[in-house]
Amino acid sequence: MIRVAISYRVLQSWRVPVFERLSRIEGLELCVFYSDDFEGTKVKSYKGNVGFPSIKLQTRKFSFTTRNGKAYIPYNPNLYTELDKFNPDVIIVEGASNLLNNVICFIYSKKKNKKIIQWGLGEIEGRKKSIHRRLADIFFNYIEKKSDAAIAYSSYGSEYYKKIGIDENRVFTAVNVVDTEKRLKEIKEYCLNCDLEYPSPLPEKHNFLFVGALSENKNVDLLIKVFSKLCNLNDNIHLTIVGDGPLRKEFEKLVFDLNVNGHVSFLGNQTVLAPYMYNATLMVLPGLGGLAISDALIHGVPVVCTIGDGCEKDLIVNNGLIIKNINEDNLFENLQNLILSKSELIRIRKEAQNFEFSKFNINNYVDVIYRAVRYVCN
């Protein structure tokens, strides 16, 4: 039996299926240690029941503003004690976003002769690091290099770990995906219940879809401005925005000011995306957004996006477009070209619908994490 502790900021809803599958692996005993919510942000835990052991720890919260937005860092003063009670063989710890607790886990692992695995983003292509992150990297890179292995969200993230000096045998790539198994089941059940064709055909009316938080770094305002220009050329289009956040009212006002409110729908947060995905021509993600890419592709919807957390380079191959240095002009040009080319829309849609047969699914994702655990134990 391998006892595995996971230290994470909070129990995000999209991580719960990963932890549940890990806990069901024969020969693993899992416990997840997590912090209290950061109220008013998306750094908060899933509120439903979870199928794995977990411990919510005492939490002190720190937040500060960087050039890349707000950073939320928790500190759990009783983490060391709780780890000692659980007595893990392996600790998997969230990367720089859980920096203070990462240091505690590292100290515990070295003092108690346990194995430790870093699980992180690495870095974002083209993003300049804030002064806070550069200062943190002075000693955090040491922690990363002295850990027993690293799990990266993407191939790009894996290159980061190799670049700072971690041997490639100790670097594992688990490309960030949603619960693809659940999503696939939902879209197939939706088609069956509504007597719809599966996979979905190209919609007669072009419907662009955005799914994500209505917050900084998502560039939803850029999407709305480009969409308003497209409306001047083609009246048979619609934009559906799924998600909520602090900037929602600002975006609603922008839609009204641009006089396209009849072509834009704000739906707020939705737990089941199948009805909106089925009728979507494209998913458009003009800012940071990783999990939404796999969400669209497992529903058979092509994706137009920019550089995000790195997983886009793994996931988008002939099933969409990646626009570097995105702006109003190049986003407008690419979307306009796609609208005008039905054959190209059909082609990338067929490629997207093959995504369900690819290696990028939640079960392979969990298997990579398990292989990293077995590697450090051996």
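Here is a short tour of one helix pair and a few salt bridges in this predicted model.

**Stop 1: two packed helices.** Select residues 16-23 for helix α1 and residues 362-377 for helix α14; they pack at an angle of about 60°, with their axes 10 Å apart. That angle makes α1 oblique to α14. The crossing of the two is right-handed. Now show side chains: α1 brings Pro17, Val18, Arg21 and Leu22 to the contact, while α14 offers Ile362, Asn363, Tyr365, Val366, Ile369 and Tyr370. Colour the α1–α14 contact by class and you get 8 nonpolar, 1 polar and 1 charged residues.

**Stop 2: a bridge between strands.** The whole structure holds 22 salt bridges. Pick arginine 3 and glutamate 29, whose closest N and O atoms sit 2.8 Å apart in a salt bridge. Arginine 3 is in strand β1 and glutamate 29 in strand β2, so the pair ties together parts 26 residues apart in sequence. Switch on a surface: arginine 3 is partly exposed at 23% relative accessible area, and glutamate 29 is partly exposed at 31%.

**Stop 3: a bridge inside one helix.** Go to α6 (residues 180-193), where arginine 183 and glutamate 186 are 3 residues apart, or about one helical turn. They form a salt bridge with closest N and O atoms 3.9 Å apart. Buried or exposed? Arginine 183 and glutamate 186 are both buried.

**Stop 4: helix to helix.** Finish with lysine 229 and glutamate 328, which meet in a salt bridge at 3.0 Å, N to O. Lysine 229 belongs to α7 and glutamate 328 to α12, so this pair links parts 99 residues apart in sequence. Before you leave, select Arg21, Asp179 and Glu181, joined into one network by salt bridges that share partners.

Definitions and conventions
Residues are numbered from 1 along each chain as its sequence is written. This is a predicted model: local features need pLDDT of at least 70, side-chain atom pairs count only at pLDDT 80 or more; totals for chains, interfaces and linings use all residues. Side-chain values use heavy atoms; hydrogens and water are left out. Axes are lines fitted to C-alpha atoms, for helices over the stretch in contact, and angles run from 0 to 180 degrees between N-to-C directions. Helices (H or I, at least four residues) and strands (E, at least two) are DSSP runs, numbered from the N terminus. Angles under 35 degrees count as roughly parallel, over 145 as roughly antiparallel, 65 to 115 as roughly perpendicular and the rest as oblique. A crossing is left-handed if the near helix is turned anticlockwise from the far one by less than a right angle, and right-handed if clockwise. Contact means heavy atoms within 4.5 Å. Ala, Val, Leu, Ile, Met, Phe, Trp, Tyr, Cys and Pro count as nonpolar, Asp, Glu, Lys and Arg as charged, and the others, Gly among them, as polar. A salt bridge is a side-chain nitrogen of Lys or Arg within 4 Å of a carboxyl oxygen of Asp or Glu. Buried means under 20% relative accessible area, exposed over 50%, partly exposed in between (1.4 Å probe, protein chains only).
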